[in-house]
Structures are given as C-alpha cells and as structure tokens.
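Me: Please take a close look at one part of this model, the packing of two helices against each other. Then set that part in the context of the rest of the chain.

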Amino acid sequence: MMFLFGMELSNYLSVSTSTSIVVDKSSDGEFLRIDFNISFPSLSCEFASVDVSDVLGTNRLNITKTVRKFSIDRNMKITGPEFHSGPVAHAIKHGDEADEEYAEGSVPLTSDNFERVSHQYPILVVNFFAPWCYWSNRLKPSWEKAAKIIRERYDPEIDGRILSGKVDCTEQPELCRRNHIQGYPSVRIFRKGSDIREDHGHHEHESYYGDRDTESLVKMMEQLIAPIPVESEKHVSSTDNSTDKIKRPAPSSGGCRIEGFVRVKKVPGSLIISARSGAHSFDASEMNMSHVISHLSFGRKIIPRVMSDAKRLIPYLGGSHDRLNGRAFINHRDIGANVTIEHYLQIVKTEVLTRGSHKLLEEYEYTAHSSLVQSPDIPVTKFHFELSPMQVLITENSKSFSHFITNVCAIIGGVFTVAGILDSILHNTFRLMKKVELGKNI
C-alpha cells in the first residue's frame with residue numbers, strides 16, 4: 001500500500017505536457033528580431049553593409065543604428081575599437097574636368113618606394129585606384145589637378161610637408177592588399193611619426209570620404225598641413241575638426257566582425273551582408289565572402305534561467321534555436337571567383353504555456369541549408385528566412401487534487417480487497433490440504 005501510494009504521489013507531483021500544432025497567432029504588423037554575430041576575414045568594415053528586404057517591398061540598406069563593426073585579422077581577433085562608418089550627409093560631388101586636358105601632378109607609388117616616401121613626408125595623401133573603375137576615372141582629372149596645385153603651392157623639395165601620390169592596384173595588388181584596399185578609388189591619408197614598431201612599421205592612416213572635386217581636395221590637403229611647421233620632422237596632431245566628417249580612421253585590418261540585431265516583418269525575406277558604396281567600385285573576382293557564424297538566432301533573447309526551467313519540462317526544447325552557431329563557411333576558391341554564400345532558413349515558432357495558460361517561453365527554432373553559388377554580380381552573403389504559418393504549442397497539463405485523493409482511496413480499498421481475496425484463497429487452500437492429509441491418515 002505504501003509503495004503504490006508513493007508511486008501515485010510521484011505521478012501527481014510530476015509535470016506532464018501535451019504538444020499540438022496550431023495556426024500562428026501572431027498579430028499583423030508584429031516584428032521579429034534577428035540577433036547575429038558574424039566574422040568576415042576578407043571583408044573590410046569600411047564597406048561592409050547590412051541590408052534587409054522582404055516580399056512586401058521593404059528594402060532597408062546599410063543599417064547602422066543597431067549594428068556594430070570591429071576590424072579583425074585573419075585569426076578572427078579584434079584589432080581595434082569599434083569601427084564607425086559615419087553618416088553620409090550628401091552625395092559625393094565630383095569635378096567637371098573629365099574632358100579637359102590636365103598634367104600629371106601626383107607621384108606614382110610602388111611597393112619599392114612606398115615605405116621610403118611615407119617616411120619622408122609628414123603628410124602623404126594617396127589615391128588607390130583601378131583603371132577599369134568608373135569612379136576612379138571620374139576622380140582622376142580632379143585628383144591630378146589638385147595634386148598639381150598643392151605641388152606648386154607647397155613644393156615637396158622646399159616646403160617638404162605634403163606629397164600627393166597614386167597607386168594603380170592592378171599593377172600593385174600586394175601594396176593595395178597590405179593597405180586593406182577593397183573599393184576603388186580609396187583615398188588614404190598617411191601621417192609620418194605614427195608608425196608602430198610592433199606592427200612592422202605600418203602607419204596609422206585615415207580614409208577620405210569627402211567631395212572629389214578639385215576645390216574640395218585642395219582644401220582638404222591644406223587643412224592637413226596647416227598645423228605643421230615648414231620642414232618639420234615632427235608629427236603634430238591637428239586641432240582643426242572641420243574635416244572630421246570627411247575623414248575617419250581607416251580599417252586597421254582587412255576583416256570585419258559584424259554584430260547586433262535587426263527587426264523584420266514576419267514574412268519571407270532576406271538578411272544580406274555585402275560590400276556597398278555609392279561612390280566606389282569593387283572587383284567582384286577579388287571579393288571573398290567567407291564567414292564564421294558565432295551566433296544567429298530569432299526572437300527575443302531568452303534568459304538562461306528561463307530556458308533551463310523550460311528544458312526541465314521539455315528536454316528537447318532549444319535544440320535548434322541557434323543551429324548555425326560555430327559554423328564556418330569558407331570559400332577556398334575551388335569553384336572559382338564571384339561566389340555568393342546563401343543560407344535558407346525555415347523558422348518555426350514554439351510557445352510553452354504553464355498552468356493557467358500563462359506564457360512561460362516563446363522561442364523560434366529553425367532549419368538551415370547552405371550553398372555556395374557563382375554569381376555575375378558582386379558576391380554577397382544572404383540569409384533567406386521564411387516563417388511557418390503553423391506554430392508548436394506545448395501546454396502543461398494540470399492535475400486534479402480530487403483525482404489524486406480518489407486514486408489514493410482506490411489504492412487503499414483495492415489493497416484491502418486484494419489482500420482479502422489472497423487471504424481467503426490461502427486459507428481455503430490450507431484447509432483443503434489438511435483435509436487431504438487427514439483422509440490419508442485414516
């Protein structure tokens with residue numbers, strides 16, 4: 001009786017659940033949060049863009065408010081503080097000198113003379129370009145004209161404070177790679193005296209994002225040398241903040257870690273990470289969108305304690321909440337260039353309701369299928385997501401106390417009844433055996 005009572009009490013105290021499939025009850029206009037932390041060893045933070053689109057026509061480009069970027073090296077280690085792209089106040093202005101004749105004013109730089117020149121002048125402004133690039137060709141006349149004006153006003157041999165240079169990245173690919181050039185044209189500002197011994201003597205440098213007409217370029221260069229005395233051999237940091245919006249620190253390495261979250265409508269759509277710029281060109285054959293996914297999940301962040309409580313109810317819960325975590329997708333160039341990496345995600349919502357229909361947990365689990373596809377366009381990384389119209393509803397079954405008492409009474413009564421039956425059978429059996437023995441003796 002005590003054994004059966006203990007079994008019934010254990011069953012009463014244990015929690016049981018029932019699982020059902022119902023139509024998703026999400027309200028119209030409700031948004032879904034996507035959290036991510038993805039590292040791209042070959043995509044510069046300077047051009048990395050997070051975009052969102054869906055079948056309803058939503059198309060949000062270069063989301064920055066809820067996204068953070070950090071430059072990383074080939075080993076996925078962060079090499080500096082958070083990279084800030086900065087706001088683009090207006091479309092970049094270009095000069096109208098395309099049809100005019102102009103003289104070469106900038107100095108061609110190569111891997112052989114770049115280090116020597118960069119240590120020779122306090123300010124070195126370099127245009128990294130590609131001859132096939134539309135934007136490079138639009139910049140070229142203004143750049144050469146501005147370089148000629150600066151050369152005449154501040155003679156490098158006499159004044160010695162600034163030099164304008166240019167690097168053809170089709171002829172000097174290693175030099176451009178060493179300076180993390182991924183978009184053309186890229187204007188870099190190198191300052192003498194900021195080289196770091198531990199970093200093999202590389203210079204800290206800035207990127208110029210301002211207008212590209214002759215007047216703006218000349219103004220920028222003159223502001224750079226204004227605080228530097230003539231023939232100065234010392235690096236003097238400028239106190240003029242007027243160019244802060246058009247020049248910012250360049251990426252310290254060629255990779256980028258992108259982390260943060262976006263909110264999307266609960267309809268089929270895509271999260272796209274790519275190189276994007278309205279005033280630069282990219283060599284699609286050189287773009288490598290290999291990446292490592294540290295975290296990718298949907299829905300609100302779940303407190304570990306809540307997840308732990310839910311797993312005591314349903315042990316299999318949360319198994320596919322972050323299915324892609326820790327996965328690496330590397331393009332080893334076996335299938336050629338122009339490779340886009342696509343992930344197809346099918347998402348299912350799961351709700352856990354406790355007694356009284358109180359929501360304990362809401363989570364989104366997903367399946368993932370990935371592929372590498374050659375594309376004629378600029379390579380990107382795409383996460384196609386689609387939510388199931390059905391959801392999994394897990395409900396905790398409540399148990400009646402009166403049912404427990406009834407079962408206990410049934411156990412007590414049943415044990416007494418069975419014990420009585422067994423006692424009667426045994427008693428009658430012994431009486432019969434005694435009568436048989438008595439008969440033999442007679």
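Reply: What follows starts with the helix pair and then moves outward to the core and some single residues.

This is a predicted model. The pair in question is helix α3, residues 134-153, and helix α5, residues 214-225. Two packed helices are described by the angle between their axes and the distance between the axes. Here the axes come within 8 Å and cross at roughly 40 degrees. Angles under 35 degrees would count as roughly parallel, and 65 to 115 as roughly perpendicular. α3 and α5 are therefore oblique to each other. The crossing of α3 past α5 is right-handed.

Now the residues at the contact. From α3 come Leu139, Ser142, Trp143, Lys145, Ala146, Ile149, Ile150 and Arg153. They meet Thr214, Leu217, Val218, Met221 and Glu222 of α5. Sorted by class, this contact holds eight nonpolar, two polar and three charged residues.

Trp143 also leads away from the pair. It is one of the residues touched by lysine 166. Lysine 166 sits in strand β9, residues 162-168. Its relative accessibility is 13%, so lysine 166 counts as buried; the cut-off for buried is under 20%. Beyond four places in sequence, lysine 166 touches Glu104, Ser106, Val107, Pro108, Leu109, Val126, Asn127, Phe129, Trp143 and Glu144. Two glutamates, Glu104 and Glu144, are in that list.

Step back to the whole chain. It has seven helices and 19 strands. Of its 442 residues, 46% count as buried. Take the contacts with a separation of 6 or more: residues 24 or more positions apart account for 82% of them.

Next, the largest nonpolar core. In soluble globular proteins, nonpolar side chains tend to be buried together. This core has 38 residues. Those touching the most other members are Ile34, Phe36, Ile258, Val262, Leu296 and Phe298. The elements that give two or more residues are β2 (31-40), β3 (48-54), β13 (255-265), β14 (269-275), β15 (291-298), β17 (339-353), β18 (359-374) and β19 (381-397). The largest share, five residues, comes from β2.

Isoleucine 34 shows the core from one side chain's position. Leaving aside neighbours within four places in sequence, isoleucine 34 contacts Gly260, Phe261, Val262, Val264, Leu271, Leu296, Ser297, Phe298 and Phe385. Three of the residues touching the most other core members, Val262, Leu296 and Phe298, are among these partners.

Two residues sit in strands that contribute to this core. Leucine 360 lies in strand β18. At 29% relative accessibility, leucine 360 counts as partly exposed. Leucine 360 and methionine 307 are 53 residues apart in sequence, with 9.3 Å between their C-alpha atoms. Proline 389 lies in strand β19. At 58% relative accessibility, proline 389 counts as exposed. Past four places in sequence, proline 389 is in contact with Val23 and Asp24. Its C-alpha is 9.0 Å from that of lysine 25, 364 residues away along the chain.

Last, the backbone. Most residues other than glycine have a negative phi, and most peptide bonds are trans. Three places here merit a check against that background.

One is the bond joining tyrosine 184 and proline 185. It is a cis peptide bond, with omega about -5 degrees. Proline 185 is in the loop between α4 (173-178) and β10 (186-191).

Another is histidine 180, which is in the loop between α4 and β10. Phi of histidine 180 is near 60 degrees, a positive value in a residue other than glycine. Its relative accessible area is 19%, so histidine 180 is buried.

The remaining place is methionine 76, in the loop between β5 (67-72) and β6 (78-82). Phi of methionine 76 is near 70 degrees, again positive in a residue other than glycine. With a relative accessible area of 22%, methionine 76 is partly exposed.

Notes:
Residues numbered from 1 in each chain as written. Predicted model: local features only at pLDDT ≥ 70, side-chain atom pairs only at ≥ 80, totals over all residues. Heavy atoms only, no water. Axes fitted to C-alpha atoms, helices over the stretch in contact; angles between N-to-C directions. Helix = DSSP H or I, 4+ residues; strand = E, 2+ residues; numbered from the N terminus. Parallel < 35°, antiparallel > 145°, perpendicular 65-115°, else oblique. Left-handed = near helix turned anticlockwise from the far one by under 90°. Contact = heavy atoms within 4.5 Å. Nonpolar A, V, L, I, M, F, W, Y, C, P; charged D, E, K, R; others polar. Core = buried A, V, L, I, M, F, W, Y, C linked by side-chain atoms within 4.5 Å. Buried < 20%, exposed > 50% of the residue type's maximum accessible area, 1.4 Å probe, protein only.
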